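Visitor: I'd like a close look at one part of this model, with the geometry and the cut-offs spelled out.

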Amino acid sequence: MIETERLILRVWREEDAIVMHAIGQDARVMEFFGPLTDLQAARDFVAGQIVNQAIFGHCLWPVERRPNGRLLGYCGLNPLPKAIAPDGAIEIGWKLAHDVWGQGYAREAAQACLDWGWANLTIDSITAITAHANVRSWGLMERLGMTRCPDEDFDHPNLARGDPLRAHILYRIARPA
């Protein structure tokens, strides 16, 4: 679907759930996402993204490394839940295996997703959210040209009071002129 110099962002396959389960079992990856994911949660995630692709024409796509076809994780565009963004904002999100962090894959995939969004969606902006403590994601958002919107920070409605991941921050990037 989307190709970059080193990556392919493609449609999901049911068997991708095995790799997403492995990625979701790494505490370093899941530090700001919540509990480690079991195999059924990984299957449900993949099935949900297949549905999103069918409904919206986009989703959090699997990110594959071109030379060897290794599934590295995901990156893509999804509507934010109404409880977070009643205006129907589109979110960019990513999650990659820990052993490929720091190699520029997340930025390469995210930039390709932003470019795809501007070319294919009639939206004025794209949003990104993360747990307040996830400084690594802040950095990527800023390298992508996104701007922090502190007046739109929020407590994630799916997380209990006292959960250290509940406080979330919001970044946004406007459609290029």
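Which residues form one aromatic cluster? Please start there and follow the contacts outwards.

Guide: Happy to. First, some ground rules: this is a predicted model, so to speak, in which local features need pLDDT of at least 70 and side-chain atom pairs count only at pLDDT 80 or more, while totals for chains, interfaces and linings use all residues. Residues are numbered from 1 along each chain as its sequence is written, and side-chain values use heavy atoms, with hydrogens and water left out.

The aromatic cluster is made of W12, F45 and Y74. Rings of Phe, Tyr and Trp (for Trp, the six-membered ring) pair if their centres lie within 6.5 Å; planes under 30 degrees apart count as stacked, over 60 as edge-to-face and the rest as tilted. Searching the whole structure gives 3 aromatic pairs. In one of them, the ring centres of W12 and F45 are 5.6 Å apart and the planes stand at 90°, so this pair is edge-to-face. W12 sits in the loop between strand 2 (7-9) and helix 1 (16-24), F45 belongs to helix 3 (residues 39-56), and the 33 residues separating them make this a link between distant parts of the chain. Helices (H or I, at least four residues) and strands (E, at least two) are DSSP runs, numbered from the N terminus.

The two partners differ in exposure. Buried means under 20% relative accessible area, exposed over 50%, and partly exposed in between (1.4 Å probe, protein chains only). W12 has a relative accessible area of 7%, so W12 is buried; F45, at 23%, counts as partly exposed.

Another edge-to-face pair joins W61 and W116, with 5.1 Å from centre to centre and 75° between the planes. Here strand 3 (residues 60-65) supplies W61 and helix 4 supplies W116, 55 residues apart. Both of these tryptophans are buried.

W61 also leads to L9, whose contacts (heavy atoms within 4.5 Å) include W61, P62, V63, A109 and C113, not counting residues up to four places away in sequence. L9 and I92 have the most contacts inside the largest nonpolar core, which has 45 residues. Such a core is a set of buried Ala, Val, Leu, Ile, Met, Phe, Trp, Tyr and Cys residues joined through side-chain atoms within 4.5 Å. Helix 4 (residues 105-120) gives the most to the largest core, with 8 residues.

Now for the charged side chains. A salt bridge is a side-chain nitrogen of Lys or Arg within 4 Å of a carboxyl oxygen of Asp or Glu, and by this rule the count is 9. In one of these, E64 meets R13, with the closest N and O atoms 3.8 Å apart. E64 lies in strand 3 and R13 in the loop between strand 2 and helix 1, 51 residues apart. The relative accessible area of E64 is 12%, so E64 is buried, whereas R13 is partly exposed at 38%. R10, R13, D16 and E64 are linked in a network of salt bridges.

Helix 4 takes part too: its E108 forms a salt bridge with R6, the closest N and O atoms being 2.6 Å apart. R6 is in the loop between strand 1 and strand 2, and 102 residues separate the partners. E108 is buried, at 17%, and R6 is partly exposed, at 26%.
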